[in-house]
Amino acid sequence: MNQKTDTPELKENRPSLGFSSNFIFMLVILTGATLLVVFSGQIIPDSRKYYLAPWITAGGITIQNGLTEFSGGKLDLIPFSQRIYSLISILLIFVIMPTLFFLGWKKQYEEKIAKKDTKLLRASTISFVLGGIFVLYIAIPSINILIIKTKVDNQLRIANAIQTNKDRIIFELNNIAWRIYQYKALPYKLGGGNGSFSEYKLPVNFAKTKYGAYTATVTDSTVCLTGQSKIYSDASMTVQIDSHGKMSDWQYSGRYKE
Amino acid sequence: MIVIWLLVGIIAVTFAFFLPGNSTDLWPSMDTAGIAASLYIVALLIYTFRPPFPTRTRIIAGVCSIIFLCCITVTWIFSEDQSYYQRNQLLSIKSTIARGIAVSEVPNDLIVVLERFHAQGNAKKATLGQIYRQTYPYAAVQSNIHRSHELWDSSMVQTLTVLTDTEIVIVTQDRIARGRDPLFENTNGQKGTIQEKFILTAQGVRHESEN
């Protein structure tokens with residue numbers, strides 16, 4: 001009998017926990033989301049931990065594909081687990097956290113206007129704070145990252161352009177070199193040097209191309225070839241050709257030296 | 001309301017992510033998911049910053065959100081562009097190396113034969129073909145005569161296609177490096193890889209860049 005009469009009293013006297021009605025529900029969701037992040041972090045290899053920048057993961061895969069093709073390997077389909085990690089990243093950055101932040105903010109504002117539920121630890125506060133931390137963590141550095149990325153991208157393209165031009169000049173020097181060797185091998189009657197380089201003159205179509213200008217300094221048994229870039233006026237290279245057509249003693253100057 | 005928004009967003013973005021199907025590249029999935037996610041965020045912003053938010057707050061928050069969204073989008077596009085650029089650059093380097101190997105190796109090997117042929121003077125005792133066989137006894141017609149020095153030139157194939165008394169033809173290909181025409185049919189049955197042809201006669205070496 002005592003129990004029947006004591007129970008309502010206990011309920012009435014129970015101290016308030018300080019949480020709003022849907023706080024526990026939100027806490028469970030946030031705990032679940034956090035566990036998901038932690039759990040996936042445990043099974044992802046270190047090199048793939050780019051949760052907050054899935055574009056880096058995708059870029060890495062594309063460059064890796066290029067390297068695989070370069071070395072003659074076969075490209076494989078992306079593993080399902082890898083795709084799931086990328087999807088989780090996108091969902092966290094563009095869906096889950098912005099939703100928590102913006103709708104938490106909206107709810108906060110509406111509650112403030114309505115002057116109801118002013119407890120500190122209410123669902124909208126947690127949602128707003130957690131979402132806000134994450135959104136700002138992603139958003140604010142994005143400006144800095146963009147500026148750095150633009151600079152790095154520009155430098156990379158300049159370096160690649162110089163290297164491409166250098167490779168082209170090397171290729172054209174190789175192309176000239178075997179023709180010089182052929183000149184020495186052919187007899188006079190076929191327009192050759194009959195065993196000597198001394199009368200060799202660089203044909204006009206080889207002396208100036210789209211990429212560079214070339215000169216040949218000849219002696220009886222060797223030739224010094226110089227290639228000057230047309231695009232980078234300070235960049236040039238020289239190479240020696242011996243009596244067997246072998247190229248040696250490559251010297252680079254200007255931007256080709258870097 | 002938050003749960004409904006979360007569910008709609010997750011389903012829409014997940015659906016968009018898996019729409020292009022699996023491939024060797026992640027970008028198609030990323031891009032479709034990114035478009036869906038951007039539309040979702042725009043809808044979320046419009047929904048959030050309606051009255052009763054004061055106009056000033058709505059403008060400031062909206063502008064900040066758009067700036068950050070633009071920065072992330074541009075970073076995304078830059079990353080995609082840069083990764084494809086680097087990949088193409090690697091393939092371009094591969095092509096340059098392959099052509100470089102062809103031009104630096106094959107003509108010189110043939111000119112050695114040419115030099116010996118003309119060194120006989122006017123009374124030629126041996127033909128071009130005979131001198132070639134003497135110089136390169138291992139070379140058989142239709143076989144790969146390329147001696148790979150390193151792993152990076154192991155994809156090179158140099159085929160002796162013609163060996164007669166008056167003409168020697170070597171066709172060089174690379175199994176990986178892309179040529180100018182992706183539809184070009186290589187002699188080894190592949191499509192679109194580089195192919196250089198060198199023809200040796202008594203007049204010298206003729207070079208034809210076929211692809």
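These legends walk through several close-up views of a predicted model with chains A and B.

**View 1. Chain A from end to end.**
Chain A is a good place to get your bearings, with its six helices and four strands. Start at the N terminus and the elements come in the order α-α-α-α-α-α-β-β-β-β. Of the 258 residues in chain A, 28% are buried. What about contacts between residues that sit well apart in the sequence? Among the contacts in chain A with a separation of 6 or more, 46% join residues 24 or more positions apart.

**View 2. The sheet of chain A.**
Here you're looking at an open sheet of four strands in chain A, ordered β1-β2-β3-β4 and paired antiparallel. Which strands stand at the edges? They are β1 (212-218) and β4 (247-253) of chain A, and each has a single partner strand, so one side of each is left without a neighbour in the sheet. Going from one strand to the next, the twist averages 15 degrees. Zoom in on β3 (residues 236-241) of chain A and you'll find it joined to β4(A) by five bridges, in the antiparallel sense. One spot to look for in this pair is A:Ser236, which stands opposite A:Ser253 in β4(A).

**View 3. The two domains of chain B.**
Now over to chain B, where the domain assignment gives domain 1 (2-88) and domain 2 (102-209). How far apart are the C-alpha centres of these two domains of chain B? The distance between them is 55 Å.

**View 4. Where chain B meets chain A.**
This close-up follows the contacts between the chains: 63 residues of chain B are in contact with 60 residues of chain A. On the chain B side, at least two residues each come from α1 (2-18), α2 (27-48), α3 (55-118), β2 (168-178) and β4 (204-209). The biggest share belongs to α3(B), which gives 29 residues to the side of chain B that touches chain A. Sort that side of chain B by class and you get 34 nonpolar, 22 polar and seven charged residues.

**View 5. Nonpolar cores with residues from both chains.**
The largest nonpolar core has 45 residues. Which residues have the most contacts inside this core? From chain A they are A:Ala177, A:Ile180 and A:Leu225, and from chain B they are B:Leu110, B:Val113, B:Leu114 and B:Leu200. Take B:Leu114 as an example: setting aside neighbours within four places in sequence, B:Leu114 is in contact with A:Gln182 and A:Ala185, and also with B:Leu200, B:Gly204 and B:Val205. Apart from this core lies another one, of 35 residues, and among them are A:Ile93, A:Val95, A:Met97 and B:Ala36.

**View 6. The sheet of chain B.**
Chain B has an open sheet of four strands too, in the order β1-β2-β3-β4 and with antiparallel pairing. At the edges stand β1 and β4 of chain B, each with a single partner strand, so one side of each is left without a neighbour in the sheet. On average, and ignoring direction, neighbouring strands of this sheet are turned by 20 degrees against each other.

**View 7. Strand β2 of chain B and its partners.**
Is β2(B) largely enclosed or left open? Eight of its eleven residues are buried, so β2(B) is largely enclosed by the rest of the structure. On one hand, β2(B) pairs with β1 (residues 156-163) of chain B through seven bridges, running antiparallel. These two strands, β1(B) and β2(B), make a hairpin with four residues between them. In this pair, look for B:Val157, which stands opposite B:Gln173 in β2(B). On the other hand, seven bridges join β2(B) to β3 (residues 193-201) of chain B, again antiparallel. Here B:Arg178 stands opposite B:Thr193 in β3(B).

**View 8. A closer look at B:Gly179.**
You'll find B:Gly179 in the loop between β2 and β3 of chain B. Is B:Gly179 buried or exposed? It takes 20 or more other C-beta atoms within 10 Å to count as buried, and B:Gly179 has 23, so B:Gly179 is buried. Which residues does B:Gly179 touch, not counting those up to four places away in sequence? They are B:Phe184, B:Gly192, B:Thr193, B:Ile194, B:Gln195 and B:Asn211. For a sense of scale, the C-alpha atoms of B:Gly179 and B:Ser143 are separated by 22 Å, and these two residues are 36 residues apart along the chain.

Conventions
Residues are numbered from 1 along each chain as its sequence is written. Chains are lettered from A and ligands numbered from 1 in the order in which they are written. This is a predicted model: local features need pLDDT of at least 70, side-chain atom pairs count only at pLDDT 80 or more; totals for chains, interfaces and linings use all residues. Domain bounds come from an automatic or database domain assignment. Two residues are in contact if their C-beta atoms, placed from the backbone, lie within 7 Å. Ala, Val, Leu, Ile, Met, Phe, Trp, Tyr, Cys and Pro count as nonpolar, Asp, Glu, Lys and Arg as charged, and the others, Gly among them, as polar. A nonpolar core is a set of buried Ala, Val, Leu, Ile, Met, Phe, Trp, Tyr and Cys residues joined through C-beta atoms within 7 Å. A residue is buried if 20 or more other C-beta atoms lie within 10 Å of its own, exposed if 12 or fewer, and partly exposed in between; C-beta atoms are placed from the backbone. Two strands pair if DSSP finds at least two bridges between them. Axes are lines fitted to C-alpha atoms, for helices over the stretch in contact, and angles run from 0 to 180 degrees between N-to-C directions.
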